[in-house]
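Hi everyone, thanks for coming. I'd like to walk you through one model today, so please have a look at the screen.

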Amino acid sequence: MKALEGKTALITGSARGIGFEIATLFAAEGASVAVADLSEEASKAAAADIAAKTGAKTLGLGLDVSKEADCERAVEEAVKAFGKLDVLVNNAGITKDNLVLRMKEADFDAVMSVNLKGAFLMSKAAAKLMLKARTGRIINISSVVGQSGQAGQANYSASKAGLIGLTKSLAREFAPRQVLVNAVAPGFIRTRMTEGLKEEAKTKVYEMIPLGRMGEPAEVAKAALFLAGDGSAYVTGQVLAVNGGLYM
Ligand SMILES: NC(=O)c1ccc[n+]([C@@H]2O[C@H](COP(=O)([O-])OP(=O)(O)OC[C@H]3O[C@@H](n4cnc5c(N)ncnc54)[C@H](O)[C@@H]3O)[C@@H](O)[C@H]2O)c1
């Protein structure tokens with residue numbers, strides 16, 4: 001049997017990158033999947049692509065995770081289409097990097113608003129159903145820099161560290177209803193977010209990673225699959241690092 005047979009999942013920021021890989025793997029493992037991203041058109045295209053590849057039921061939704069009404073509507077639409085919501089993956093994220101003295105207040109707020117507040121709003125919308133159903137999984141995509149800190153990324157690393165605090169608090173709050181909440185903390189993964197790095201910077205990064213290479217989005221997706229499936233039934237409030245050993 002497939003790992004997520006009969007399950008339904010909503011993944012934010014899944015029109016491309018890591019989110020798209022998670023949505024594709026979940027669909028291949030039997031889940032009905034809602035692709036939710038800023039552009040409705042891109043979400044629908046990604047959803048159609050995943051359905052064609054896997055045969056799964058999919059749905060494409062436009063939403064801005066920093067807006068509460070969008071989050072509530074996305075959860076409602078997923079439930080209308082699939083009948084329930086078993087798994088939420090808070091993957092949508094942005095960067096607005098700069099050294100602190102050059103970082104504008106608006107850049108700090110924008111990153112916190114999408115990366116941290118977005119996960120809070122989506123979790124709140126999904127938890128209403130999950131707590132009632134007495135089952136559910138919430139998976140937050142944090143980052144290695146939320147654990148280690150990173151020069152030039154004060155806003156981003158604070159948002160990702162915040163996600164770890166959110167994960168642990170939600171895990172404690174929702175555990176009595178069997179709703180499990182965990183985080184994945186990827187290291188340097190090959191996506192549009194990291195492809196802008198200069199070759200010199202990439203070489204420096206590889207030298208710091210014990211496994212000597214960047215990770216692939218599919219490798220992060222496999223960690224999310226573990227946290228969504230039966231194999232992790234006794235795991236909550238944890239941070240699963242997928243970073244090639246970069247931070248231990
Ligand atoms: N790539 C890496 O090396 C890396 C490392 C650690 C953590 N992460 C995290 O993994 C997640 C996915 O990153 P990625 O590398 O695939 O990036 P990406 O930029 O390729 O994808 C992010 C997606 O989020 C969407 N998005 C942005 N703002 C949104 C909003 N307000 N509402 C809804 N969707 C929104 C984007 O449209 C995009 O499709 C992010 O949370 C990122 O911080 C990435």
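I'll begin with the ligand and then visit a few individual residues.

Please keep in mind throughout that this is a predicted model.

So, the ligand. Where does it sit? It is in the largest pocket. Three elements each give two or more residues to the shell around it: α1, which spans 17-28, α6, which spans 154-174, and α7, which spans 192-195.

How many residues surround the ligand? There are 26, and the closest are Asp37, Asn91, Tyr156, Ile189 and Thr191. By character, the shell divides into 13 nonpolar residues, nine polar ones and four charged ones.

Let me go through some polar contacts, beginning with a side chain. A polar atom in the side chain of threonine 191 is 2.5 Å from a ligand oxygen. With asparagine 91 the partner is in the backbone: one of its polar backbone atoms lies 2.7 Å from an oxygen atom of the ligand. Leucine 63 also uses a polar backbone atom, this time 3.5 Å from a nitrogen atom of the ligand. As for cover, the ligand on its own has 830 Å² of accessible area, and the protein covers 94% of that.

Now to the helices, and α1 to start with. Threonine 24 lies in this helix. Is threonine 24 buried or exposed? Its relative accessible area is 14%, so it counts as buried, the cut-off being under 20%. What does its side chain contact? A polar atom of that side chain is 2.7 Å from the backbone oxygen of phenylalanine 20.

Over in helix α6 we find asparagine 155. Asparagine 155 has 0% relative accessibility and therefore counts as buried. Its side chain, too, has a backbone partner: one of its polar atoms lies 2.9 Å from the backbone oxygen of lysine 96.

Glycine 165 is in helix α6 as well. Here the relative accessible area is 35%, so glycine 165 is partly exposed. If you would like a distance to place it by, its C-alpha is 11 Å from the C-alpha of glutamine 147, and 18 residues separate the two along the chain.

Let's turn to a strand. Glycine 136 belongs to β5, and with a relative accessible area of 4% it is buried. Which residue can we pair it with across the sequence? Valine 181 is 45 residues away from glycine 136 in sequence, yet their C-alpha atoms are 8.5 Å apart in space.

Last topic: backbone angles. Most residues other than glycine have a negative phi. Two residues here are worth a look with that in mind.

One is arginine 134, which is not a glycine but has a positive phi of about 55 degrees. You'll find arginine 134 in the loop between α4 (105-133) and β5 (136-141). Because its relative accessibility is 49%, arginine 134 counts as partly exposed.

The other is glutamine 178, again not a glycine, with a positive phi near 65 degrees. Where is glutamine 178? In the loop between α6 and β6, the latter covering 179-186. Its relative accessibility is 51%, so glutamine 178 counts as exposed, the cut-off being over 50%.

To go back to where we started: the ligand sits in the largest pocket, with 94% of its accessible area covered by protein. Thanks for listening, and I'm happy to take questions.

Conventions: Residues numbered from 1 in each chain as written. Predicted model: local features only at pLDDT ≥ 70, side-chain atom pairs only at ≥ 80, totals over all residues. Heavy atoms only, no water. Near = heavy atom within 4 Å. Polar contact = N/O pair within 3.5 Å; in protein donor to acceptor, adjacent residues only side chain to side chain. Areas by Shrake-Rupley, 256 points an atom, 1.4 Å probe, with all protein chains shown as cover. 1 Å grid on protein atoms, 1.4 Å probe; cavity = no way out; pocket = protein on both sides within 12 Å on 5 of 7 lines; lining within 4 Å. Sits in = over half its atoms within 2 Å of the grid points. Helix = DSSP H or I, 4+ residues; strand = E, 2+ residues; numbered from the N terminus. Nonpolar A, V, L, I, M, F, W, Y, C, P; charged D, E, K, R; others polar. Buried < 20%, exposed > 50% of the residue type's maximum accessible area, 1.4 Å probe, protein only.
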